[in-house]
Amino acid sequence: MPFFRSRGLSFRRKRKKVTLTAARSMALLIGEIAITLFIAFVLVYCVGMKVTVVGNSMEDTLTDGESVLVNRFTYNLTDPKSGDVVVFTLNENDDSHYYIKRVVAVPGDTVQIRDGILYVNGEMFDEEDTEAIQNAGLAEEEITVEDGEFFVLGDNRNSSEDSRYANIGNIQKDCIAGKVWFHMDSLRDMGRVK
């Protein structure tokens, strides 16, 4: 009588039984991943956008080639404030590249550059250790910022094309895409833009 081994190699696959608990756990995991991806999509495409800095007009705050995250939603609720770093296009031209500058005057403010110093509402603008502004441009004469407009300058005042020049001038609120929020390039530099 032949001897059959009950143990040993078997080339037949044993079917694993899927329990209801395991299926439920897997469905929950897939659901959580889908919700997370949906929230990330909404945040990135509806609230934020990534913009690359072009040029050195915002040095030392932002450098050429650096990527920043822009909050597109915040100015739907409030207006830009003095000191905000904003992203805008010229005359709502979506084909234009994005400009990044700092708001120094809001509607109702007056702006003038005298002897290389920026004055807002007749008082010296709070600037630390900045060199004298060499070209006052349009701001050589006092400018009043109208409703829905903002006067912007680059942080690197002597290497910036901004509201001092006629081709840019005061920025309309409709042209502002959002507020610069975070540095994104490296973990070392990552953080809020001040």
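This briefing covers the fold, core, surface and selected residues of one protein chain. The model is predicted. The chain has 194 residues, and buried residues make up 35% of them. Its secondary structure comes to two helices and twelve strands.

**Overall fold**

- From the N terminus, the order of elements is α-β-β-α-β-β-β-β-β-β-β-β-β-β.
- Among contacts with a separation of 6 or more, 59% link residues 24 or more positions apart.
- The chain exposes about 13500 Å². Carbon and sulfur atoms supply 53% of that area.

**Nonpolar core**

- The largest nonpolar core holds 14 residues.
- Val104, Ala105, Val111, Ile113, Leu118 and Phe151 have the most contacts inside this core.
- Four strands each supply at least two of the core residues: E4 (99–105), E5 (110–114), E6 (117–120) and E9 (149–153).
- Val104 shows how one of these residues is surrounded. Beyond its neighbours within four places in sequence, Val104 is in contact with Ser82, Leu118, Val120, Phe125, Phe151, Leu153 and Arg157.

**Val103 in strand E4**

- Val103 sits in strand E4. Its relative accessibility is 0%, so Val103 counts as buried; the cut-off for buried is under 20%.
- The C-alpha atoms of Val103 and Leu153 are separated by 6.6 Å, while the two residues are 50 residues apart along the chain.
- Setting aside residues up to four places away in sequence, Val103 touches Pro80, Lys81, Ser82, Gly83, Asp84 and Val86. Phe150, Phe151 and Val152 are also among the residues that Val103 touches.

**Gln112 in strand E5**

- Gln112 belongs to strand E5. Gln112 counts as buried because its relative accessibility is 15%.
- Two polar contacts involve the Gln112 side chain. One partner is the side chain of Arg114, at 3.3 Å. The other is the backbone oxygen of Glu140, which lies 3.0 Å from a polar atom of the Gln112 side chain.
- Apart from neighbours within four places in sequence, Gln112 is in contact with Ile117, Leu118 and Tyr119, as well as with Ala139, Glu140, Glu141 and Glu142.

**Ser163 in a loop**

- Ser163 is found in the loop between E9 and strand E10 (171–172). Buried or exposed: which applies to Ser163? Ser163 counts as buried, because its relative accessibility is 1%.
- The Ser163 side chain reaches the backbone oxygen of Gly169 at 2.8 Å.
- Outside the four nearest places in sequence, the contacts of Ser163 include Leu138, Phe150, Phe151 and Val152. Ile168, Gly169, Asn170 and Ile171 are also in contact with Ser163.
- Phe150, Phe151 and Val152 appear in the contact list of Val103 and in that of Ser163.

**Backbone geometry to check**

- A cis peptide bond joins Glu59 and Asp60, with omega at about 10 degrees. Asp60 is in the loop between strand E1 (48–52) and strand E2 (67–71).
- Asp115 is not a glycine, yet its phi is positive, at about 50 degrees. This residue lies in the loop between E5 and E6. At 79% relative accessibility, Asp115 is therefore classed as exposed; that class begins at over 50%.
- Asn121 is not a glycine either, and it has a positive phi of about 55 degrees. Asn121 is in the loop between E6 and strand E7 (123–124). Its relative accessibility is 43%, so Asn121 counts as partly exposed.

**Nonpolar surface patch**

- Met26, Leu29, Ile30, Ile33 and Leu37 make a nonpolar surface patch of about 500 Å².
- Leu29, one of the patch residues, lies in helix H1 (residues 20–47).
- Why does Leu29 count as partly exposed? Its relative accessibility is 44%, and the partly exposed class falls between the buried limit of under 20% and the exposed limit of over 50%.

Definitions and conventions:
Residues are numbered from 1 along each chain as its sequence is written. This is a predicted model: local features need pLDDT of at least 70, side-chain atom pairs count only at pLDDT 80 or more; totals for chains, interfaces and linings use all residues. Side-chain values use heavy atoms; hydrogens and water are left out. Patches are made of residues with over 30% relative accessible area and no salt bridge: like charges are joined within 9 Å, nonpolar side chains (Val, Leu, Ile, Met, Phe, Trp, Tyr) within 5 Å. Accessible areas come from the Shrake-Rupley method with a 1.4 Å probe; for residues, only the protein chains shown count as cover. A salt bridge is a side-chain nitrogen of Lys or Arg within 4 Å of a carboxyl oxygen of Asp or Glu. Buried means under 20% relative accessible area, exposed over 50%, partly exposed in between (1.4 Å probe, protein chains only). A nonpolar core is a set of buried Ala, Val, Leu, Ile, Met, Phe, Trp, Tyr and Cys residues joined through side-chain atoms within 4.5 Å. Contact means heavy atoms within 4.5 Å. A polar contact is a pair of N or O atoms within 3.5 Å; within protein, one must be able to donate a hydrogen and the other to accept it, and residues adjacent in sequence count only if both atoms are side-chain atoms.
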